[in-house]
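Q: I have a sequence and a model on the screen. How do I read such a model, feature by feature?

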Amino acid sequence: PNETMKKKRRAESSSAAGSADGSSFAPSSTTNFGRLVGTIRDEFLAASKQALFGVAFWPCDVSGDDDAAYYLATAGGPRATVYAAVDSTNHNGAMASSSASFRLDDTEPRQTYVDDDETEELFCVAWTKLERRGAPAPLLLVAGRHGVIKVVDCAAGEELVDAALQGHGNAINDLRAHPVDPALVATASRDESVRLWNVATGVCVAVFAGDGGHRDEVLSVDIHCLGRLACSSGMDNTVKLWRLDAPDVDAAVRASRTPRPRHASSGADDASALTTAAAPRPFPTAFEQFPEFSTAEVHSNYVDCARFAGNLVVSKSTANKIVLWTPDPHRDDRLLAYHHQSESLSSRREPRFFYEASAAVGPLLRRSAGGGRDDDREEASGVAGGGGDRPTTKPSTVKNAPVLVLVDLDLPRADIWFMKFALDPCQELLAAGGADGRCSVFRVDAAPDEPPLLRLPLLTGGGKSSVAAASAHTNPVRQCAFSPDSMLLACCCDDASVSVFDLSAGRDALAARQARYGTAGGDAAPSGGRASSTTTTTTKRPRATADAS
């Protein structure tokens, strides 16, 4: 039963030696950007040497709710805990302003859920909101080693498990709420599958696994902001994109919104008829075996986190890098066109600067170090779940479909896995932790030579959020999360602590960084316009916005 945890901690002994660069752990004193709001440690988990693996902010406004400005939940061991971040300058509960001064309410947690099975170990946490008792209610979603999703109604007055969704055959490593339909939740599991659930009706809507699916543990899942596409990544070094608007999946989603039909057999006696009528008919779960896109070219090791950034994908492995990329199914045709154009110009003895300009696109069109060989390509030969009008061959599901790498971000001490980064809601900032207990904050569209905006030291200081009593630690940062307005950043660690940082003063710093480095290494895109995607210069790169593709 400890196999998963041994894997996740296999490199901690080497990382506990401390930061190799010997840099100071003192927070910046020249600006409030990145100020430590506070650190809280779960003493119950710390006493049993259990880690916090998940952290998530409540994604909605908490106006009128006591003095809290934000709620955040953590998950680890058999416990999920909800804390409040308080705006010290504004006690009306409204969403804080950029001049707010925050502090963590460390008097006591606002709510705590403890699983009935003390051997449970929660790996992920998320929030959603559904109608309960005639009003919208915040629901806390947690899952972990036992492969069961627990839906906790945080407005019920006590720790009430609203539902327990079973179906996975092994541990659940990640879960994400649907950005458009709050009743839908996607999960990634050690059983090599991704599943889509309806938490309102308690049914498994779709299973994404099979011939074209993952060949090892699935570590991460995310849903596009429009809700039509999901991405998953795992131990097989691949990132896969799945269609949520495929005909069979879409039909299953619509069917899941109504209660399951009941039936009774004709000709049976009354008692048998009553028994049969009480038994729900199994829900017609959709099965998708083939992703819309699959590649192993971006990374050569476990891909423990993958997220959408607009129409682009950001993914991370254990090579101390985070990669911003996009599928590039027409790469071979484009390279062939470049080759023919080069030969034509060479025959006319054109000036040499053409070749130098053409060579500038090389880094963008290259295969990464983890790229596969041509003989590794394998095409899918069928489609599951009906869909008779869909093609029987999926050329985009080759094992190593081509990609266009846009940005490589250097992430120090990210050589162990199960450390998940976060994108802010505006998709301008990216936060990722390392094995040295520090969190790096980047611009998503950073230039190749651009350093991180911040390198935040995470502190530990007992059960209170006292910064004065805190000291630096070197425990791996397991997950980061931004508040819904990007004002706060939370990071949870292996020592069962969660640290919260104030980013409310960061917009000026972000504007200054953009003025210095430009937009993704080039000129800034006009406001409201589409950024340049020209590949024949060395300075222009696409922005990671929702309209860049």
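A: Start with one pair of side chains: Ser-486 and Asp-424 are joined by a polar contact of 3.1 Å. Keep in mind that this is a predicted model.

Q: Where in the fold does Ser-486 lie, and is Ser-486 buried or exposed?

A: For position, look at the elements on either side. Ser-486 lies in the loop between β30 (477–482) and β31 (488–493). For burial, look at relative accessibility, where under 20% means buried. Ser-486 counts as buried because its relative accessibility is 2%.

Q: Which polar contacts does the side chain of Arg-455 make?

A: Find the strand, then list the partners. Arg-455 lies in strand β27 (residues 454–457). Its side chain makes a polar contact with the side chain of Asp-436, at 3.2 Å, and another with the side chain of Ser-440, at 3.0 Å. Arg-455 has a relative accessible area of 22%, so it is partly exposed. Sequence distance and spatial distance are separate readings: Arg-455 and Gly-433 are 22 residues apart in sequence, and their C-alpha atoms are 9.3 Å apart.

Q: How many helices and strands does the protein have, and what share of its residues counts as buried?

A: Those are counts over the whole protein. It has 9 helices and 32 strands. Of its 549 residues, 52% count as buried. The accessible surface comes to about 22900 Å², and 50% of that belongs to carbon and sulfur atoms. For contacts, take those with a separation of 6 or more: residues 24 or more positions apart account for 62% of them.

Q: Which residues of helix α4 are buried?

A: Read a helix by the side its buried residues face. In α4 (residues 247–256), the buried residues are Asp-248, Val-249, Ala-252, Val-253 and Ser-256. They lie on the same side of α4, because they cover an arc of only 140 degrees around the axis.

Q: What covers the buried residues of α4?

A: The cover includes the strands β12 (184–189), β13 (194–198), β14 (203–208), β17 (239–243) and β18 (286–288).

Q: How is empty space found, and what volume does the largest pocket have?

A: Rolling a probe the size of a water molecule over the atoms shows where empty space is left. Here the largest pocket has a volume of about 1100 Å³. Its lining is made up of 41 residues, and those nearest its centre are Pro-59, Arg-176, Ala-177, Asp-222 and Leu-423. The elements that give two or more residues to this lining are β2 (54–57), β7 (122–132), β11 (172–177), β15 (218–223), β20 (305–309), β24 (422–423) and β30.

Q: Which element gives the most to the lining of the largest pocket?

A: That is β7, with 7 residues.

Q: Now the backbone. What is the phi of Lys-49, and what is the phi of Ala-496?

A: Check the sign of phi, and then whether the residue is a glycine. Lys-49 is not a glycine, yet its phi is positive, at about 55 degrees. Ala-496 is also a non-glycine residue with a positive phi, of about 65 degrees.

Q: Where do Lys-49 and Ala-496 lie, and which is buried or exposed?

A: Lys-49 is in the loop between α3 (43–47) and β2. With a relative accessible area of 70%, Lys-49 is exposed. Ala-496 is in the loop between β31 and β32 (497–502). Ala-496 counts as buried, at 0% relative accessibility.

Definitions and conventions
Residues numbered from 1 in each chain as written. Predicted model: local features only at pLDDT ≥ 70, side-chain atom pairs only at ≥ 80, totals over all residues. Heavy atoms only, no water. Helix = DSSP H or I, 4+ residues; strand = E, 2+ residues; numbered from the N terminus. Buried < 20%, exposed > 50% of the residue type's maximum accessible area, 1.4 Å probe, protein only. Polar contact = N/O pair within 3.5 Å; in protein donor to acceptor, adjacent residues only side chain to side chain. Contact = heavy atoms within 4.5 Å. Areas by Shrake-Rupley, 256 points an atom, 1.4 Å probe, with all protein chains shown as cover. Arc of directions from axis to C-beta. 1 Å grid on protein atoms, 1.4 Å probe; cavity = no way out; pocket = protein on both sides within 12 Å on 5 of 7 lines; lining within 4 Å. Points joined across faces, edges and corners; volume = space filled by probe spheres on them.
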